[in-house]
Structures are given as C-alpha cells and as structure tokens.
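I opened my notebook to get to know a new structure, one small look at a time. Come along and check each entry against the picture.

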Amino acid sequence: MYFLKLILKGLSALLLLLILIYPYHTTTAQMPADTIVEADHQPTTDSRKFNSITEQINERFTPFVDGLASVLFWDPFAAAGVYDQQVYDTQGKPVTDTEGKPVKAPLKLIVLWLMAGGLFFTVYLRFINIRAFRHSIGLIMGKHDKPGSSGEVSHFQALTTALSATVGLGNIAGVAIAISIGGPGATLWMIMAGLLGMSLKFSECTLGLKYRTIDKDGRVSGGAMYYLREGLARKGLGKLGWFLAVLFSIMVIGGSVGGGNMLQANQAFEQFASFFPQVDDFGFWYGIVMAVLVGLVIVGGIRSIARVTSRIVPVMALIYVTASMIIILMNIQQAPHVLSLIWNGAFEAEAMRGGFIGVLIFGFQRGAFSNEAGVGSASIAHAAARTSEPVSEGIVSLLEPFVDTVIICTMTAMVIIFSGVYEQGQGIQGVQLTSAAYASVFSWFPYVLLVAVTLFAFSTMISWSYYGMKGFDFLFGGLSQKLFGSRNYSNQLFNLLFLLCIVIGTSSNLGPVMDFSDMMVLCMAFPNLLGLFILAPEVRRDMKKYWQQHRAIKSADKA
C-alpha cells in the first residue's frame with residue numbers, strides 16, 4: 001500500500017511537470033492543422049521559443065563540454081610530438097568520416113589513467129582476475145553464502161544490477177566504431193581491456209562493501225564516496241577524502257541524469273524511430289511511456305531494481321548472444337580466416353593505430369562508459385549485497401567486465417567481422433553498422449537488435465537511477481533528515497528529476513548537455529582511481545586474509 005501511494009504521488013508530480021513543459025516541446029510538426037505555417041513562412045512563436053530555449057541551453061553547456069574535453073581528451077604524446085593522431089587507411093591516406101572530417105585516435109589522458117589503473121591492480125593483486133574467476137562462479141551460485149548476513153540483495157542480484165548499468169549502447173555502438181576504424185585486430189585489444197578491468201572492478205567493489213553504512217531500517221548506502229571519505233580519513237587524509245567524495249557524488253549525479261539517462265533514452269528513441277519513421281515526431285510521448293515504466297521500478301529502491309534486473313539481464317543477454325551466435329554459425333566456414341584477421345591485425349602497424357588505439361580510445365572511452373571499470377559506479381550496487389565479507393563481493397564483481405566486454409562486446413565484434421560489413425561500412429557506423437551486420441543474414445534480424453537496444457537502454461536507466469540517487473543522498477540526505485525527519489524526501493525528489501530527464505532526452509536535441517553528462521561518467525575515474533591507489537595496500541591485505549580463511553575452511557571440510 002505504501003509503494004502504491006508513492007507511485008501515485010510520483011506519477012502525479014511527473015504529470016504536473018510534464019504539463020508545465022509540454023507547451024515548450026510542441027513543434028510545428030505536432031501542432032493542429034490550422035496552426036501549421038507554410039514552408040516559406042517564419043516558425044510560430046511557440047516553435048521559436050522552444051528552439052531558442054534549446055539553443056540557449058546548448059550555448060551555455062558548450063564551454064563546459066569544451067573545457068572538460070580539453071582535459072579528459074588531452075593527448076600528452078601528440079603534444080610532445082611523438083605520436084600522430086591521424087588515422088590512415090592501408091594505402092596511407094587519411095581516413096575521413098561521413099562529413100569529410102579527418103578521423104583521429106588520440107591517446108587521451110583519461111584512457112591512460114584507466115589503463116594505468118587496470119595494469120597496476122592486475123599486477124599488484126597478482127592477477128586476481130584469473131585466480132578468483134572459478135571462485136566467483138561458486139559465489140553467485142550461493143555455495144559460500146552465510147545465513148543472516150546484512151544487506152538488501154543477493155550476490156546474483158547485485159551482479160545483475162551492476163551489469164544492467166554496464167551492458168548498454170556502448171556494447172553495440174562503441175565496438176562497431178572500434179572495428180570500423182581499427183579493423184578486426186581491435187577485437188583482441190578489446191578483450192585485453194576487459195580482462196584488465198576485472199582487477200579494477202574487484203578493488204572498488206571490495207572497498208564499496210567494506211565502507212558501507214546500514215540504517216535502522218536495513219537500507220544500505222555504499223560506494224566510492226563512502227570509501228573515499230572513510231578510507232582516506234583512516235590514513236590521515238580526511239580533507240582529501242571529503243573533497244574526493246563530494247566531487248565523485250556530483251559527478252555520479254551528472255553521469256546518472258545524462259549518460260545513464262538522457263543519452264540512453266535519446267538513442268533508444270532514435271533507433272525506434274529509424275524502424276518506424278511515422279513516430280519520429282512523438283519523442284515526447286515515447287519518453288512519457290519510458291518514464292512511467294522506469295518509475296514503476298525505481299520507486300521501490302534497490303530491492304525492486306534488483307528483482308527486475310535479475311530477470312531482464314539474463315533475458316537480454318540471451319537474446320543478444322543467441323542472435324549473434326546464429327550469425328557466426330551461419331558463417332562458421334570463415335572462422336580460420338576471421339581468427340587470422342583478428343590475431344594478425346592486432347599486431348600490424350596499421351592496426352596499432354586503429355586496433356590498439358581504437359579500442360583503448362574508442363573502446364575505453366566508450367568502454368569506460370560500457371563496463372565502468374575504474375569509474376566506481378558499480379561499487380554502489382555491490383555495497384547492497386547480503387554478505388559480511390567485502391572481498392567475496394569484490395570477487396563476484398570481477399565477472400562484470402568479463403560478461404560485458406569479453407563476451408557481449410566480443411559477440412558484437414565477431415558479428416561485424418563474420419558478416420564483412422565493416423569493409424563496406426563507409427557512411428555508416430555505430431548501431432547502424434551492427435544493424436547492417438544483422439540484416440546481412442536475415443532481413444528481420446535488425447528488429448531483434450532493436451529489442452536488445454531497448455532493453456539495454458531501459459536496464460541501464462533503472463540502475464543508473466540508483467547510482468545517482470545514492471550520490472544525491474550522500475550530498476543532501478542529511479539535510480532532508482534534518483528538515484523533514486527522513487532521507488526519503490531527497491531520494492524521491494531525485495527520482496522525479498530523473499524521470500523528467502527521460503522525457504527531455506527523448507523530446508529534445510540537447511547535444512552539448514548530454515555530451516557534458518556523458519563526460520561526467522569518465523570524470524568519476526579521477527577521484528575514484530586516486531582513492532583506489534591510496535587504498536591499494538588495504539585491498540591486498542584484505543584479499544590475502546580472505547584467501548587464508550577460505551583455505552582454512554576448505555581444509556576443515558576435507559578433514
């Protein structure tokens with residue numbers, strides 16, 4: 001009954017907000033016949049007003065986007081004159097995009113930062129990504145569960161919640177871009193990037209659960225902001241910890257409403273409209289439907305989100321992998337040739353500009369948004385797991401980059417390579433390139449991809465809503481508690497804003513706004529990784545202690 005009232009309140013408030021903004025959304029294509037002007041006349045007042053507002057918002061955000069890009073995407077090697085950013089084809093000619101602009105693959109600062117983290121933790125933790133893989137399977141199957149452990153969701157539900165946030169459009173569009181630029185050899189480096197990400201994910205999720213807090217009602221709050229604040233305070237770096245925690249919280253809110261919401265909703269509608277052009281002018285109503293569906297899930301908090309993701313993630317992964325395997329099996333006779341292309345292409349000079357760089361840039365830039373290793377967002381979901389052992393949850397989390405990148409992203413790459421569409425990909429890229437690969441086998445297969453894209457976007461939104469809400473709670477939950485006697489008011493306020501942003505994302509073209517929010521996801525890696533480097537010795541100590549206890553239990557069972 002409580003949730004029903006909450007849903008009704010939320011939907012009522014959303015409806016009120018939508019009524020207020022709807023007049024600004026209306027365009028000439030959606031106006032009644034007697035108000036539509038001729039093509040050679042000026043737009044109506046409402047249309048001009050909406051366009052003016054959109055342009056003003058874009059203009060305001062453009063400097064922020066440019067400023068962030070200059071830092072995140074700065075190439076120190078090109079700045080030193082030791083690396084050429086331009087991508088060349090096999091004839092040595094500069095590659096250009098569909099608009100005739102040169103395609104460049106800079107070694108961006110954010111990519112180097114994430115790569116440094118992945119390499120460091122993989123070596124420092126003695127290849128935990130490989131050593132703990134089998135044990136992680138046993139954990140999600142419940143073989144090592146301890147009855148009575150605190151938390152809100154199971155190991156498997158925490159995994160699927162985090163996976164639903166990572167498995168998104170980056171698995172389709174990002175991989176297609178890497179293959180179209182780097183060629184088949186990009187696949188091998190993409191897999192390596194996923195394997196390195198497993199160690200990063202283990203570290204941040206171990207700390208996320210270790211420093212979580214549980215209130216009197218059993219609700220869990222955890223994630224990077226908590227281990228940045230508490231973990232660094234234990235090392236005498238309290239002020240730095242507070243600064244990094246607040247910075248991370250601001251960024252996770254921005255990433256949530258942008259990259260985890262408006263961008264997903266916008267791209268999902270664009271794909272839907274590409275299949276059904278007659279709905280091209282109904283982005284507003286598509287957003288309404290999506291907002292209601294998302295609202296029905298997120299109003300119940302992490303438990304409701306986990307129940308949905310534990311069902312939807314296996315289904316969408318099965319649909320996508322099965323469809324991909326059908327295409328691969330129908331072209332299986334090309335397997336030796338394709339494997340040769342992947343292996344040889346990964347180490348050729350031409351491929352190094354597109355393969356290694358293409359994946360670590362176009363892959364890691366989009367891949368950080370895809371598997372989120374080093375970003376710190378997944379630690380928020382895993383903090384809610386029912387366990388008293390932080391390392392065990394860290395071990396569960398290392399499966400995410402494996403499933404997200406090594407399996408699903410590789411499936412995308414293999415479909416594109418086996419179908420051969422990347423060779424005729426001039427003028428198409430991203431989801432369209434993947435769609436063309438699907439259509440090369442069965443003309444109706446792109447509709448399967450449409451279903452997958454929609455599910456990917458929906459699942460990403462519901463999980464990122466939780467991430468953003470926890471960041472919002474970290475900053476404003478205490479204030480809400482003081483003013484209203486409950487943190488729930490600030491949480492539901494964020495949820496309403498999140499739902500509103502879905503409608504904005506599907507009904508407007510706020511490019512710079514979404515670019516800015518997307519970059520916020522990448523920005524999260526700076527405070528998160530800095531904290532992880534400082535807390536690395538603590539992670540290794542906890543890991544060693546866990547393995548000692550695990551071996552002792554196994555020895556006792558055998559005896």
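Here are my entries, starting with the kind of model and then going from salt bridges to patches.

**Entry 1: the model**

I noted before anything else that this is a predicted model.

**Entry 2: counting salt bridges**

I wanted to know how many salt bridges there are. The count comes to six. I kept one general idea beside me: side chains of opposite charge can pair when their charged atoms come close.

**Entry 3: Glu400 and Lys201**

I looked up Glu400 and found its side chain in a salt bridge with Lys201, at 3.2 Å from N to O. The two sit in distant parts of the chain, 199 residues apart, with Glu400 in helix H18 (residues 399-419) and Lys201 in helix H9 (residues 186-210).

Are these two residues buried or exposed? Both Glu400 and Lys201 are buried. For Lys201 I read a relative accessible area of 0%, and it counts as buried because the cut-off is under 20%.

I stayed with Lys201 in H9 a little longer and looked at Leu399. In sequence Lys201 and Leu399 are 198 residues apart, while their C-alpha atoms lie 8.7 Å apart in space.

**Entry 4: Arg219 and Asp215**

Next I turned to Arg219, which forms a salt bridge with Asp215; their closest N and O atoms are 3.4 Å apart. How accessible is Arg219? Its relative accessibility is 45%, so I wrote it down as partly exposed. Asp215 is partly exposed too, with 32% relative accessible area.

**Entry 5: Arg487 and Asp473**

Then came Arg487, in a salt bridge with Asp473, where the closest N and O atoms are 3.0 Å apart. This pair also links distant parts of the chain, 14 residues apart: Arg487 is in the loop between helix H20 (445-484) and helix H21 (488-507), and Asp473 is in H20.

I checked how much of each partner is accessible. Arg487 is at 32% relative accessibility and so counts as partly exposed. Asp473 has a relative accessible area of 3%, which means that it is buried.

**Entry 6: a network**

Which residues did I find linked in a network of salt bridges? They are Lys210, Glu538 and Asp542.

**Entry 7: along H21**

I followed helix H21 from end to end. It has 20 residues, and the distance from its first C-alpha to its last is 29 Å, close to the 28 Å expected at 1.5 Å a residue. I then asked how many residues of H21 are buried. The answer is 15 of the 20, so H21 is largely enclosed by the rest of the structure.

Leu499 is a residue of this helix. With 5% relative accessibility, it counts as buried. I also compared Leu499 with Gly287: they are 212 residues apart in sequence, yet 8.9 Å apart in space, C-alpha to C-alpha.

**Entry 8: a nonpolar patch**

Moving to the surface, I marked a nonpolar patch of about 560 Å², made by Phe476, Leu479, Leu483, Phe484 and Tyr489. Where does the largest share of this patch come from? It comes from H20, with four residues.

I picked Leu483, in helix H20, for a look of its own. Leu483 has a relative accessible area of 57%, and it counts as exposed because that is over 50%.

**Entry 9: a positive patch**

I found a positive surface patch as well, formed by Arg126, Arg131, Lys544 and Arg551. Arg131 has its place in helix H5. At 41% relative accessibility, Arg131 is partly exposed.

**Entry 10: two positive phi angles**

Arg126 from the positive patch caught my eye again in the loop between helix H4 (109-124) and helix H5 (128-131). Most residues other than glycine have a negative phi. What did I read for phi of Arg126? The value is near 55°, positive in a residue that is not glycine.

I found Phe127 in the loop between H4 and H5. Phe127 has a positive phi of about 55° although it is not a glycine. I closed the entry with its surroundings: Phe127 has a relative accessible area of 42%, so it counts as partly exposed.

Notes. Residues numbered from 1 in each chain as written. Predicted model: local features only at pLDDT ≥ 70, side-chain atom pairs only at ≥ 80, totals over all residues. Heavy atoms only, no water. Buried < 20%, exposed > 50% of the residue type's maximum accessible area, 1.4 Å probe, protein only. Salt bridge = Lys/Arg side-chain N within 4 Å of Asp/Glu carboxyl O. Patch = residues over 30% accessible without salt bridge, like charges linked within 9 Å, V, L, I, M, F, W, Y side chains within 5 Å. Areas by Shrake-Rupley, 256 points an atom, 1.4 Å probe, with all protein chains shown as cover. Lys, Arg positive; Asp, Glu negative; His and termini not counted. Charge placed at Lys NZ, Arg CZ, Asp CG, Glu CD. Expected span 1.5 Å × (residues − 1).
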